[in-house]
Amino acid sequence: MEAAKHNPSSMMPYYSAPSIEKSHFQSFDGEAIPFEEVGMAFNHYILNNLLRDKLGFTGYINSDTGIMGKTGWGVEDLTVPGCFAKAINAGTNLISGTNQVKDLKKAITTNLISPQRIDQANVNVLIEMFDLGLFDNKTYVGDQPVVNEATKKEAEEAAYQTHLKSVTLLKSDNVLPAKGQKLFVKAFGRGEEETEKYQELLLKDVQALNIDIVEDYKEADIAALFLYPVSGSYFDATPGLLELEICEDKTNIALNGDTYKETTLSNFYELNKIVDYMHENDKKVVTSVNIILPWILENVEKKSNALLVGYDTFPGAVLEVILGQFSPIGKLPLTLPKNSKVIGVDEYGVSISRNDVPGYDKDKYMREGMTYAYVDQAGNEYRSGFGLNY
């Protein structure tokens, strides 16, 4: 709704797999929203009645990649031409991630899609292409002006300031700011290649900020650990539910009852070795977690004297907050769940916490005696809008 107010040129419906049984009652301006159990790119009411008619959106609608295959929720029984017709007739103008032109043509030649609807879809897309100068060689404007603008010193500085302001301090325990302390830094990712990439970026920012660090954590007063967990793979379903614990080789149960191993962060052995040494020698651990999902932080928070989170944030911005060069003002944009149980499903496949209820409102719909948000050792509740400063 907020996005539509600003007249964007395009919108993308999400991958949602709506379920009446698992969802809360939906309404808009006091009117019930008809609930069709199909993905949003196939939902006529959402794309036309709501997005265009009620919210006034006039641009083009670009589907998520994969809706003609793995993520065609609710239309699995349709043929591929039928799926094209369902999406395009619902209001989608551009189907992403497919080259199945024959199936699209078949949907048109068999009158599943009218010529008028195809014309309208093309008009919506071509307006944007002409406005951007991308239609042909005569109108193509090139990307250099954009590159020139984006790489201006003031633009880069504005971007960095945004990263600084986004850093969110969740727990401090009187450890931060770490002024005058010997600092050791290390990044952890999922897999060796990812870890090396993040360590390189971290050290690059350390050098750019001219920060003195020690190479051996045993010589440090504070070990600053930067964690970049990842769950699942793009477009590939996991055998079970999406894993949100920060874990390595965790045994899970697949939807078919089989067991399998799940890793969201590699090399816990080394991480624990560093943590244990620091704590045994009355030294401190500061952890920064990259929040790309609502991670369950218990495995990390209990190891940390101070805890920060970023959102694909420059590691240099996090380091400035750790060292007291910038006082944290960031707030959580989402609520972090207490444990796997509160985001799980029961024996009937019904979600414990309804997926279409925002995190700040979860407790209204939780089962009796249950709360949703994670509470740390200091009693801080990691709800949307929470963030400490110093």
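This report describes the overall make-up of one predicted chain and the nonpolar cores inside it.

The model is predicted, so local features need pLDDT of at least 70 and side-chain atom pairs count only at pLDDT 80 or more, while totals for chains, interfaces and linings use all residues. Residues are numbered from 1 along each chain as its sequence is written, and side-chain values use heavy atoms, with hydrogens and water left out.

The chain has eleven helices and eleven strands, where helices (H or I, at least four residues) and strands (E, at least two) are DSSP runs numbered from the N terminus. Its C-alpha atoms fill a box of roughly 75 × 60 × 40 Å along the principal axes. Of the 390 residues, 43% are buried, that is, under 20% relative accessible area with a 1.4 Å probe, counting protein chains only.

The largest nonpolar core (buried Ala, Val, Leu, Ile, Met, Phe, Trp, Tyr and Cys residues joined through side-chain atoms within 4.5 Å) has 31 residues, and Leu170, Leu225, Val289, Leu297 and Tyr382 have the most contacts inside it, a contact being heavy atoms within 4.5 Å. The elements below each give two or more residues to this core.

| Element | Residues |
|---|---|
| strand 6 | 183-189 |
| strand 7 | 222-228 |
| helix 9 | 268-280 |
| strand 10 | 284-290 |
| strand 11 | 306-310 |

Helix 9 supplies the largest share of this core, five residues. Apart from this core lies another, of 28 residues, including Val175, Ile222, Val321 and Leu323.

How values were computed
Buried < 20%, exposed > 50% of the residue type's maximum accessible area, 1.4 Å probe, protein only.
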